[in-house]
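Trainee: Please walk me through this one. I will ask, and you reason each answer out.

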Amino acid sequence: MKAQPQASHFIDGEYVEDTDGTVIESIYPATGEVIARLHAATPAIVEKAIASAKRAQKEWASWSPAARGRVLKKAAEIMRERNRELSELETLDTGKPIQETIVADPTSGADSFEFFGGIIATAMNGSQIPLGGDWAYTKRVPLGVVVGIGAWNYPQQIACWKGAPALAAGNAMVFKPSEVTPLGALKIAEILIEAGAPKGVYNVIQGDRETGPLLVSHPEVAKVSLTGSVPTGRKVAGAAASQLKHVTMELGGKSPIVVFDDADIDSAISGAMLGNFYSTGQVCSNGTRVFVHTAIKETFLARLKARTEAILIGDPQDEATQMGPMVSLAQREKVLSYIDKGKAEGATLITGGGIPNSVTGEGFYIQPTVFADVTDDMTIAREEIFGPVMCVLDFEDEAEVIARANATEFGLSAGVFTADFSRAHRVVDQLEAGTLWINTYNLCPVEIPFGGSKQSGFGRENSAAALEHYSELKTVYVGMGKCEAPY
Ligand code: NAD
């Protein structure tokens with residue numbers, strides 16, 4: 001199997017190679033096969049990409065917002081036409097089943113281009129401020145060259161969620177995908193050129209944790225948007241702050257889902273399964289601490305176990321497969337070590353807990369796993385695992401569960417399942433998180449802002465709010481009379 005791109009980088013409208021860069025092997029997680037070999041960007045490639053973005057940005061920003069919007073909407077159309085091909089590539093890049101990628105990856109990227117392409121014609125409007133005789137007006141202006149750095153769980157979606165608002169606002173982007181999933185973003189760059197974007201408006205360069213800092217500290221870069229872990233976020237935000245750059249931080253989480261005793265149990269189980277097993281558990285907003293009221297605990301666990309054991313694990317290219325492998329061997333090792341800690345610290349293993357026998361070969365498969373009787377102090381209840389490991393915790397009282405749900409440094413997401421609507425709103429009001437769901441989980445349509453609070457980050461992606469993070473206000477005071485001075 002091969003998925004070798006024409007070259008490692010896409011700069012100034014074309015594929016570019018520099019074999020001096022360290023080799024990045026793209027591994028298909030379902031078999032462990034190397035499907036492509038690319039090179040990390042050398043400092044020369046970084047300079048080339050930033051220079052290209054800088055040149056292109058001036059012209060792009062001079063286009064009317066509606067004209068920029070037309071390009072983005074065209075890109076969305078091309079992505080939808082090529083959904084199957086892009087989804088197959090995403091499956092090769094990540095190991096996620098085609099059943100998921102066909103509905104959740106390029107389509108979500110296309111939604112983003114379509115949404116920002118649509119709203120931008122009016123979203124950059126400023127205001128007029130009367131001041132008696134004098135007056136002022138504001139303009140919303142782009143920041144300039146912006147850098148996007150991606151994680152490996154949603155490579156195409158992240159490339160678009162950052163690219164669409166950045167480009168809509170009139171910036172040019174240099175995007176660095178995760179070294180684990182280098183392929184998808186190159187296709188997004190190609191499609192933007194085909195849709196009519198000027199060369200250099202969206203560049204993709206490969207690289208790892210050595211390359212990222214070259215982009216973050218580059219003096220021509222005005223803003224950095226990172227999707228990644230909290231430790232990386234601290235480094236990137238620190239480096240950006242030392243040069244007073246704008247930042248958006250989409251980081252990790254350990255989000256709570258609270259299931260009250262009046263909840264529709266099957267619906268709550270669906271929410272908990274979506275929020276723990278989708279994308280083999282590799283979703284930042286996952287609700288990995290599931291607090292279940294003791295009155296419904298036994299029923300909840302029995303049905304959850306049966307449904308979890310029925311999940312079809314296997315070949316991600318088979319349309320019937322519901323769960324693929326983890327993205328890498330290292331990630332599987334990490335998750336297995338957390339499962340061992342869960343067992344050692346006394347949690348009850350309800351199902352899973354190892355490598356499935358049903359799948360043979362070298363793929364990085366793991367069983368969807370549920371632990372019950374998890375207590376707040378256990379490692380599996382405190383640290384982000386980033387794999388299909390659900391922790392079920394007991395609770396009896398509303399105030400108690402809110403305090404326990406909030407007792408974490410993270411604040412990305414949270415969910416509540418209950419039939420009592422006043423309770424639902426009362427509880428979400430007190431939960432400390434950036435994105436919350438009532439009686440559902442993990443739905444992130446482009447119309448709603450997405451992002452975290454506390455150590456899960458700041459800034460928002462999606463919705464008109466994202467544009468504020470890719471632009472700034474310019475204020476112009478207009479003096480209508482003679483300029484007076486006291487001296
Ligand atoms: P990671 O932090 O290891 O890497 C993220 C990206 O940062 C990669 O492209 C990496 O090369 C780059 N990087 C690493 N060190 C850097 C540095 N010092 N300077 C600049 N760039 C650097 O994360 P990962 O393992 O790829 O992804 C998993 C993490 O991402 C999880 O914690 C998950 O919760 C988080 N995540 C968050 C969201 C969100 O929207 N909040 C979405 C997806 C994933």
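Trainee: Which element gives the largest share of the lining of the largest pocket?

Mentor: A pocket is an open set of points on a 1 Å grid over the protein atoms alone, with protein on both sides within 12 Å along at least five of seven lines; in a cavity, by contrast, a 1.4 Å probe fits but cannot get out. Lining residues have an atom within 4 Å of a point. Seven residues of the lining come from one element, and that is the largest share. The element is H9.

Trainee: What kind of model is this?

Mentor: Residues are numbered from 1 along each chain as its sequence is written, and side-chain values use heavy atoms, with hydrogens and water left out. Local features need pLDDT of at least 70, side-chain atom pairs count only at pLDDT 80 or more, and totals for chains, interfaces and linings use all residues; the model is predicted.

Trainee: How much space lies in the largest pocket?

Mentor: The lining counts 38 residues, with Arg209, Thr227, Gly228, Ser229 and Thr232 nearest the centre. H8, S10, H9 and helix H12 (329-344) each give two or more residues to it. The volume (the space filled by probe spheres set on the grid points, joined across faces, edges and corners) is about 970 Å³.

Trainee: What does H9 reach from its first C-alpha to its last?

Mentor: Helices here are DSSP runs (H or I, at least four residues; strands are E, at least two), numbered from the N terminus. H9 runs over residues 230-242, which is 13 residues. The expected span is 1.5 Å times one less than the number of residues. For H9 that gives 18 Å, and the helix comes close to it, reaching 18 Å.

Trainee: Why are the buried residues of H9 on the same side?

Mentor: Val230, Gly233, Val236, Ala237 and Ala240 are buried in H9 (under 20% relative accessible area; exposed is over 50%, partly exposed in between, with a 1.4 Å probe and protein chains only). They share one side of H9 because the arc they cover (of the directions from the helix axis to the C-beta atoms) is only 120 degrees.

Trainee: Which exposed residues sit on the face of H9 turned away from that buried side?

Mentor: The buried side packs (contact: heavy atoms within 4.5 Å) against helix H8 (211-216), strand S10 (221-227), strand S11 (246-250) and strand S17 (410-411). The face turned away from it carries Lys235 and Ser242.

Trainee: Which side chain has a polar contact with threonine 227?

Mentor: Threonine 227 lies in strand S10. It is buried, at 12% relative accessibility. Its touching residues, beyond four places in sequence, include Ile149, Glu250 and Glu461. A polar contact (N or O atoms within 3.5 Å; within protein, one able to donate a hydrogen and the other to accept it, and sequence neighbours counting only if both atoms are side-chain atoms) of 2.8 Å joins threonine 227 to lysine 162.

Trainee: How many residues of H3 are buried?

Mentor: H3 has 12 residues, 83-94, and its end C-alpha atoms are 16 Å apart, which agrees with the expected span. Leu86, Leu89 and Leu92 are among its buried residues. H3 is largely enclosed by the rest of the structure, because the number of its 12 residues that are buried is nine.

Trainee: What is the phi of asparagine 462?

Mentor: Most residues other than glycine have a negative phi. Asparagine 462 lies in the loop between strand S21 (457-458) and helix H16 (465-468) and is buried, with a relative accessible area of 0%. Asparagine 462 is not a glycine, yet its phi is positive, at about 65 degrees.

Trainee: And what is the phi of threonine 280?

Mentor: Threonine 280 lies in the loop between helix H10 (265-277) and strand S13 (289-293). It is buried, at 1% relative accessible area. Its phi is positive too, near 50 degrees.

Trainee: Which side chain joins arginine 426 in a polar contact?

Mentor: Arginine 426 is in helix H15 (residues 421-430). It counts as partly exposed, at 39% relative accessibility. Its polar contact of 2.8 Å is with the side chain of glutamate 398.

Trainee: How far apart in space are isoleucine 438 and glycine 415, C-alpha to C-alpha?

Mentor: Isoleucine 438 lies in strand S19 (residues 435-438) and is partly exposed, at 24% relative accessibility. Among the residues it touches are Val416 and Phe421. Isoleucine 438 and glycine 415 are 23 residues apart in sequence, but in space their separation is 5.8 Å.
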